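This report describes a ligand site and several individual residues. The sequence and structure come first, and the description follows.

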Amino acid sequence: MTENKIKIAPSLLSADFSRLHEEVRRIEEAGADWVHFDIMDGHFVPAITMGPLVVQSLRPATALAFDVHLMVKEPEKHLGAFAAAGADMLTVHAEGNAHLDRVLREIKKLGLKAGAALNPSTPVGVLEYVWPLLDLVLVMSVNPGAGGQPFIPGMLSKIEALAGRIRGLEHPVELSVDGGINAQTAPQVVAAGATALVAGSAVFRDHGGLELIQAFKTLGGPRRKV
Ligand code: DX5
Ligand code: ZN
């Protein structure tokens with residue numbers, strides 16, 4: 001049995017934007033695995049956050065993998081810029097994306113890991129014919145657009161369904177969960193089969209949040225037999 005360490009991806013959305021460099025260093029020292037960037041364009045979601053220049057400016061700050069979550073319309077227009085900025089993984093939404101297959105292939109062509117994100121209302125079947133292209137699935141456990149929202153409990157059965165589907169694949173796919181992850185919800189999400197946790201407000205805003213990184217990592221326990 002191998003130790004099944006859960007990957008922790010703090011979301012910079014809840015970090016102090018006036019000192020992002022230092023925030024990234026802090027989460028690296030606290031044991032984070034990935035840095036999660038929430039890219040919002042004011043169209044796919046109402047908010048606007050950051051673009052490739054911010055990603056690029058933080059690249060020298062850390063060796064951690066950059067997990068870039070694109071909440072943007074027409075993500076195909078921006079893949080090259082985020083790849084050049086230093087992204088390691090690019091995740092696009094399945095919704096409103098008529099050419100998910102093509103976009104995922106473009107990400108792979110750029111030499112990056114490819115992910116698909118599902119809004120809470122989106123069924124898992126939308127991924128049925130793109131599984132061979134996926135390295136990561138991002139289950140949105142809140143509606144995208146803002147940090148600090150409560151976890152939607154109905155997403156636990158969706159995570160279970162996806163975990164079961166992934167177990168039947170021949171290649172590894174990370175099952176990441178994003179939204180409302182904290183000390184109460186993280187164990188439930190991991191028990192449902194998540195392999196990666198995105199957490200913004202719990203890590204950056206709550207008192208003692210950085211300590212959660214280590215606590216979350218040990219949630220996996222021994223790897224289940226598949
Ligand atoms: C929501 C973002 C999330 C969010 C998570 O649109 O994709 O990454 O920032 O924040 P918390 O952990 O505060 O729910
Ligand atoms: Zn996100």
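## Ligand site and selected residues

Ser11 sits in the loop that runs between β1 (7-10) and α1 (20-29). The model is a predicted one. With a relative accessibility of 4%, Ser11 is buried, because buried means under 20% relative accessible area. The side chain of Ser11 makes a polar contact of 2.6 Å with the side chain of Asp38.

Asp38 also faces the ligand. One of its polar side-chain atoms lies 2.7 Å from an oxygen atom of ligand 1. Asp38 therefore has a side-chain contact to Ser11 and a polar side-chain atom within 3.5 Å of a ligand oxygen. Two glycines approach ligand 1 through the backbone: a backbone N or O atom of Gly145 lies 2.8 Å from a ligand oxygen atom, and a backbone N or O atom of Gly148 is likewise 2.8 Å from an oxygen atom of the ligand. Ligand 1 taken alone exposes 380 Å², and the protein buries 100% of that area.

Where does ligand 1 sit among the pockets? The space that ligand 1 takes is the second largest pocket. The elements that give two or more residues to the shell around the ligand are β2 (34-40), β3 (65-71) and β8 (196-199). Of these, β2 provides the largest share of the shell, three residues.

There are 20 residues around ligand 1, and those that come nearest are Asp38, Gly148, Asp178, Gly200 and Ser201. How do the shell residues divide into nonpolar, polar and charged? Eight are nonpolar, 10 are polar and two are charged.

Asp178, one of the residues that come nearest to ligand 1, is placed in strand β7 (residues 174-178). Its relative accessible area is 8%, so Asp178 falls under the 20% limit and is buried. The C-alpha atoms of Asp178 and Glu106 are separated by 24 Å, with the two positions 72 residues apart along the chain counted as their separation.

### Partly exposed residues

Three further residues are partly exposed, as the table shows.

| Residue | Relative accessible area | State |
|---|---|---|
| Leu110 | 37% | partly exposed |
| Glu74 | 42% | partly exposed |
| Ala215 | 39% | partly exposed |

Leu110 is found in the loop that links α4 (100-109) to β5 (113-118). Its C-alpha atom is 8.3 Å from that of Leu79, a residue 31 positions away along the chain. At 37%, Leu110 is neither under 20% nor over 50%, so it counts as partly exposed.

Glu74 lies in the loop between β3 and α3 (79-85). What is the phi of Glu74? It is near 50 degrees, which is a positive value in a residue other than glycine. Glu74 has a relative accessibility of 42% and counts as partly exposed. The strand before this loop, β3, is among the elements that give two or more residues to the shell around ligand 1.

Ala215 belongs to helix α8 (residues 209-217). Its relative accessible area is 39%, so Ala215 is partly exposed. Ala215 and Asn119 are 96 residues apart in sequence, and their C-alpha atoms are 27 Å apart in space.

Technical notes: Residues numbered from 1 in each chain as written. Chains lettered and ligands numbered in written order. Predicted model: local features only at pLDDT ≥ 70, side-chain atom pairs only at ≥ 80, totals over all residues. Heavy atoms only, no water. Near = heavy atom within 4 Å. Polar contact = N/O pair within 3.5 Å; in protein donor to acceptor, adjacent residues only side chain to side chain. Areas by Shrake-Rupley, 256 points an atom, 1.4 Å probe, with all protein chains shown as cover. 1 Å grid on protein atoms, 1.4 Å probe; cavity = no way out; pocket = protein on both sides within 12 Å on 5 of 7 lines; lining within 4 Å. Sits in = over half its atoms within 2 Å of the grid points. Helix = DSSP H or I, 4+ residues; strand = E, 2+ residues; numbered from the N terminus. Nonpolar A, V, L, I, M, F, W, Y, C, P; charged D, E, K, R; others polar. Buried < 20%, exposed > 50% of the residue type's maximum accessible area, 1.4 Å probe, protein only.
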